[in-house]
Amino acid sequence: MQVLCNLCVSPGVLQLECRDRYFMIAVDLAATGDVPRFEAVDGTGTYAITEDYAAQCGYSISILSLLGLVELRASYFSCHTEKGAGFSFRFNLITTYEGVDAYYALNKTCSSPLPWSPREVTCEVNYMEVSVRSELPCQSGSSDDSSTLGPLYSPSTEVWQVTFQNPYQQLPPMNLSQARQEGYIFDHVHDRIVFRTPYGQPESYHTEVTGVPVEVVHATVFSRQSWVVVMVDLIAACSMDEGSYDSGYMIWGTPEALYPSLGTTQISFGLNGNLVEQAAVVQKGFIMERYNSTVQIGIPYDAEGGYRKSFVSDCLSEFYIFNLYLKQTSVDERHEETVLWFHRTLVTPLLSSPLFTEDQTDVDNGTFSIHLGKVPRDVELTSVQLNGQEFAVPFSDSIAYTLTEVRHSNKSHSYTLKVPLHDPIVIQEFSKENAAMLHKLDINYTLIVKPGDEPYYHTFSVTARMAVSAPPSFDVVCTESGIDFKLAYRSFDYLWDFTIGSDRLTPVLAANHGYTMSNDSQSLLLSVPLFTHGYKYKDIGLKGFLGTFTILVRDRETADILTSTTKTCLFNATEFIMCSTNGWMTVVVDLSAVLPSGEMPTRFHLLNNFCVPKAVDGTRVLFSFPLHSCGSTVKLAKENVTYQNKIYLDTSENAVEGFNPPTPHRMTVQCTYPLVGLHRLFSIHKFESDKEGVGRI
């Protein structure tokens, strides 16, 4: 069943607007449904605007689900535009309710707000369109040159033929009727010759211009009239760059030289069909740069006019959509303009959108306070689990917990959860190790991304300690040469022992290990130089390494570990050597000092040619190898043992793996260990030492 509503008020129609080179209709998606339907209307009938028909006839339909809109754009030269003094558009919007179709007429007449340039090209999302100023000779006896290239359905189009130029193959000519059957449109409107083609046609070709992918369709329309041949060159060339995301910007590029230009092209751009004034470009955070004959546009991810959407995969993510609108003007050697109009939809990759959780518990006030922040505007909190018991949001007035929501100017919102520390739902247990009563709360937030019902679960656990004589914690600072620990003594800190591993921290121990220790009734200061006993190292590379040092707090009576202070610092030493307790030598060294001026090494190795560095950066190398390997020599003295190896630099281009001619370019590295601390030495190739060795390069 159908209902005609020519006089009805169209539901959800938000805009009927004439733009620079197109007519735009915006309709509420709730009125059209997920599959919007439009018809184009002219004097010959009505025509359903399908996906293929839209690309052929100059229409584009975009579903902007994030805004709840569907947008129809129609070229001023679209198939069913009635061209009189202006451009008259007639459309039917079709909606369906309970199986009944209703038709709503959407009509408007536009006049072009801007004068037409000699050549104009539109790069829409689904088609390319080029129009050129008509300068064809008149037919004899007629002053109306429109008969030379007749209207779209005129029989005179049979006189005209078109051939497509393709650098990769030679294509036969066809008449305009055949071209239309292949999806091409040629027309003559308002003294302009118009050519339109969907993307990806067999006669198009793809190329790269200054590294940017470009699709080109080159059509030559010609007609032989008596002894005169009339030819019109119609070239549609559009950047097909899909955009890329880099450092908070969506980057899109187009070549400067798509069409001939005496100098750089003039660029203006914006979002959603609105060009931004040049002065406002910087203010809005946009970037426009020219690089290697390419125009690059940068759109900040949070630019006004972009659309954001949350997405749940393994974590909470987000992506941004931008409808780029760009005008590019070039002037050729004849001082005639070519204007390109780009419509491009750019989408960022999935970006991490982590929530922020902060424990703001006030023990003195007896209340857990947990802040959940950076919640996107399209994400809603629906329930909260507290130690396994679920409560729907908003909370009932009958419970003792509160949940406060705050909406922020950056379009995010946050929640603050408060639970009494002594509420029955809170798990309470005494910890001898902490000498405190522990109050534990495990929280599981259930959030929903809207629209939809896909859940995202965010967990957070918090423990509040209500205690006296809790074990102390050090203040720790990373320095260039090591780690500094500081402890302000409390009256009951005599209850604890501080140890490095199993060894009690004393002035004697500090002196033996090379620490600097200051201990009085007020405070304990301990400076631990790098490469002294007790460090653990990881992520060792040419740019540095992580060093970790731990001080344990033990019960003085039982020696049980109650707590610890561990600090990991990043050290950026350009040269260092590590001699581990398990028999490994790790060394980073700059070999430029032993390299003759002007030479560059081609290969590095140890005494064993097959022992090569784990990493190389110019003349800096990283080796890590067992002491008993790679040709290391062992020198036994009265009180210590030294493992020595050499780093060789090959500068000969003829050096090959397994054979290297004698070379003076080498550096000696060694590790020395006290014999008293070695458990095994020569009996088996298993190395154990109480202490790290002392290295030397």
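**Figure 1. The hairpin of strand 48 and strand 49 in the predicted model.** In this hairpin, C579 has M585 of strand 49 as its bridge partner. Strand 48 covers residues 576–579 and strand 49 covers residues 584–590; they pair in the antiparallel sense over 4 bridges. Between the two strands lie 4 residues, and G583 takes a positive phi near 85 degrees. In a regular strand, side chains alternate between the two faces of the sheet. Strand 48 is covered on both faces: F576 and M578 are buried on one side, and I577 and C579 are buried on the other.

**Figure 2. An aromatic cluster that includes F576.** F576, one of the buried residues of strand 48, also belongs to a cluster of aromatic residues. The other members of this cluster are F474, F485, F498, Y515, F531, Y535, Y537, F545, F549 and F571.

**Figure 3. The open sheet of strands 39, 40, 44 and 43.** These 4 strands lie in the order 39-40-44-43, with antiparallel pairing. Strand 39 (475–478) and strand 43 (516–519) each have a single partner strand, so one side of each has no neighbour in the sheet. From one strand to the next, the twist averages 10 degrees. Strand 40 (residues 482–488) pairs with strand 44 (residues 523–529) in the antiparallel sense, over 7 bridges. Within strand 44, S527 is the residue that stands opposite D484.

**Figure 4. The open sheet of strands 20, 21, 25 and 24.** Here, too, 4 strands form an open sheet with antiparallel pairing, and their order is 20-21-25-24. The edges are strand 20 (244–246) and strand 24 (287–291); each has a single partner strand, so one side of each is left without a neighbour in the sheet. The twist averages 30 degrees from one strand to the next. Strand 24 and strand 25 (residues 294–300) are joined in the antiparallel sense over 5 bridges. In strand 25, I297 stands opposite M288.

**Figure 5. The largest nonpolar core.** This core has 52 residues, and I297 is among those with the most contacts inside it, together with V162, F164, F186, F195, L234 and I299. Strand 19 (residues 228–239) gives the most to the core, with 6 residues. At least three residues come from each of domain 2 (119–134 + 158–239) and domain 3 (244–352). Leaving aside residues up to four places away in sequence, V162 touches P173, M174, L176, A179, F186, A219, T220, V221 and F222.

**Figure 6. Two aromatic pairs, one edge-to-face and one tilted.** The model holds 34 aromatic pairs. The ring centres of Y22 and Y325 are 6.2 Å apart and the planes meet at 85 degrees; because an angle over 60 degrees counts as edge-to-face, this pair is placed in that class. The pair links distant parts of the chain, with Y22 in strand 3 (residues 22–28) and Y325 in strand 27 (residues 316–331), 303 residues apart. Both Y22 and Y325 are buried. F164 and Y184 form a tilted pair, at 4.5 Å centre to centre with 35 degrees between the planes. This pair also links distant parts of the chain: F164 lies in strand 13 (residues 161–165), while Y184, 20 residues apart from F164, lies in the loop between helix 3 (176–181) and strand 15 (185–189). F164 counts as buried because its relative accessibility is 2%. Y184 likewise counts as buried, at 0% relative accessibility.

Conventions
Residues are numbered from 1 along each chain as its sequence is written. This is a predicted model: local features need pLDDT of at least 70, side-chain atom pairs count only at pLDDT 80 or more; totals for chains, interfaces and linings use all residues. Side-chain values use heavy atoms; hydrogens and water are left out. A nonpolar core is a set of buried Ala, Val, Leu, Ile, Met, Phe, Trp, Tyr and Cys residues joined through side-chain atoms within 4.5 Å. Buried means under 20% relative accessible area, exposed over 50%, partly exposed in between (1.4 Å probe, protein chains only). Domain bounds come from an automatic or database domain assignment. Contact means heavy atoms within 4.5 Å. Two strands pair if DSSP finds at least two bridges between them. Axes are lines fitted to C-alpha atoms, for helices over the stretch in contact, and angles run from 0 to 180 degrees between N-to-C directions. Rings of Phe, Tyr and Trp (its six-membered ring) pair if their centres lie within 6.5 Å; planes under 30 degrees apart count as stacked, over 60 as edge-to-face and the rest as tilted.
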